[in-house]
Amino acid sequence: MRQAEVVVYGATSGGVCAAVAAARRGLDTVLLEPGRHVGGMTSGGLGYTDIGDVRVLGGMAAEFRQAVADAYGVAPGHYAGPEPHVAERIFSSWLERAGVEVVFDAPLRTVVTSGDRIFSAVTRQGDYAGGVFVDASYEGDLMAAAGVGYRVGREDRSLHGERFAGRREVMPGMHNFPPYISPFRDDGTLLPQVADGPMAEVGEGDGGVMSYGYRVCMTTAPGRIPFERRPGYDDDHWELGRRLFRHWREQGYEPRAGRLVGLEPNLPNGKCDGNSLGPFSLSVLDRSAWAYPDAGPEERERIRLHHLHHAQDLLYFLSHDPEVPASVRAELSRWGLPPDEFADTGHLPHQLYVREARRMLGEVHLTEHDLVEGRRHADAVAMGSYHLDIREVQRTWRWVYEHPDPIPMVVTEGYLSVGVAPYQIPYRALVPRREECANLLVPVCVSASHVAFSSIRMEVQYQMLGHAAGLAAAQAAGSGKAVQDVDVAALQEELVAAGQVLSL
């Protein structure tokens, strides 16, 4: 058994920052990563950095932003973000210089507890005991295994009195399907990529999570790897896309390729970060993600491959299918996968974009009201500013009652974007309730409602919250205190000295 002072689970960008922050304080720190890479989505395809108000960017998030600028010899913010391999190189160098022991291929098997404390994390690579643990995974696996309370998916609007909670009304919009496209084949069976079953009533909680997908890095550079037909590609699976393009053609509308997958060269060296744009995109909307947070390893891997194959097949479909406008196919043919990215995963990202999974029920539970009203918190350890950004939750169908007979129609539901002013994130949202666990910090699956989490979930917030969690873990491990009893004033002083912004 390996004994450490601080054990961090999940080498997301938040996990890297937590481990480095603790190790820089001189603590023996181990970082356990289920996969083979560090950086999570920051190095896993999400090159475009969603910051919001740059004034709130501080601490290790600002340090990372400066490191990216230094890597390219430009001013901070010159590029929308780094290339994936550059992001991972920066994080790896931080970990090496801080002396963090990084253990790869170490998925969690179980957690051993003693009273109100975690004793050890049992992984494929062995047992790791620690004084304080940090769960920085996107899924919250260590937190859940330790018996800490959490929620998954959308809550009912009545739970916190949140205006934007629960199932959303189906409204026109860029990400929604245009009207009157049938979800059924000629034989009456449901088309692939459309979820069956009725939706919850508007405002009701249904447990639905924001859609997942892959943020695919692409390039027009010579030597790019073309989008090829994958063994197992199913033509029938893409009939819904064909119907969408036929509908647009009948309406006299021809979409630009860039508005389908985000072909803007916003990264260095002419690369782009392919995003989920519009009603038919890299996001998978068939509700398959709803089961992911609480699923076991085999089911998660099945869901991950389903999303990976969707990304591969969508790019082939858009660049080869005759129903896709010729202009879109021609533009996509200029792009391909960069040979210098993700070499060990077929040049597609190593990280599934888990937009949300479990969310802790901690000492304080942030809601829409905290963000929209800009509520003050005396124990603030970071700030957020990105808008409420709930991505599509499902693509399903419903009856539209037209004369003389009802019409079945594909609908996309869940998207929401609401601006908020900069807001504070309190320390108590990073710690479990005292009676559940006394030596765990959670900087990614923070204690927040579905609506509030939609803003907090940005990578720069994870980096700043990871920084705070790492320093708090160091303080708790050094003093033997419960994480709930950390000297928050001293923590804030240390964060401010490191450039963290706690108020404007």
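**Cysteines, cores and a surface patch**

Across the whole structure, which is a predicted model, a search finds zero disulfides. Since a disulfide requires two cysteine sulfur atoms within 2.5 Å, Cys17 cannot be paired, because its sulfur lies 16 Å from the closest cysteine sulfur, that of Cys445, which is too far for a bond. Cys272 is likewise in no disulfide, the nearest cysteine sulfur being that of Cys217, 6.8 Å away. Cys17 counts as buried, because its relative accessibility is 0%, and Cys272 counts as buried at a relative accessibility of 0%.

The interior can be followed next. The largest nonpolar core has 127 residues, and those with the most contacts inside it are Val216, Met218, Leu318, Tyr427 and Leu441. To this core helix H12, which spans residues 459-479, gives the most, contributing 11 residues. Leaving aside residues up to four places away in sequence, Met218 touches a set of residues that includes Phe227, Val261, Leu263, Leu315, Trp335 and Pro338, and among its other contacts is Cys272, the buried cysteine described above. A second, separate core of 22 residues includes Ala4, Leu32, Val111 and Cys445, the last of these being the residue whose sulfur is closest to that of Cys17. In soluble globular proteins, nonpolar side chains tend to be buried together.

The surface offers another view of nonpolar residues, for Met1, Val112 and Phe119 make a nonpolar surface patch of about 290 Å². Met1 is found in the segment before strand S1, which covers residues 2-9, and Met1 counts as exposed because its relative accessible area is 61%, where the cut-off for exposed is over 50%.

Definitions and conventions:
Residues numbered from 1 in each chain as written. Predicted model: local features only at pLDDT ≥ 70, side-chain atom pairs only at ≥ 80, totals over all residues. Heavy atoms only, no water. Buried < 20%, exposed > 50% of the residue type's maximum accessible area, 1.4 Å probe, protein only. Patch = residues over 30% accessible without salt bridge, like charges linked within 9 Å, V, L, I, M, F, W, Y side chains within 5 Å. Areas by Shrake-Rupley, 256 points an atom, 1.4 Å probe, with all protein chains shown as cover. Salt bridge = Lys/Arg side-chain N within 4 Å of Asp/Glu carboxyl O. Helix = DSSP H or I, 4+ residues; strand = E, 2+ residues; numbered from the N terminus. Core = buried A, V, L, I, M, F, W, Y, C linked by side-chain atoms within 4.5 Å. Contact = heavy atoms within 4.5 Å.
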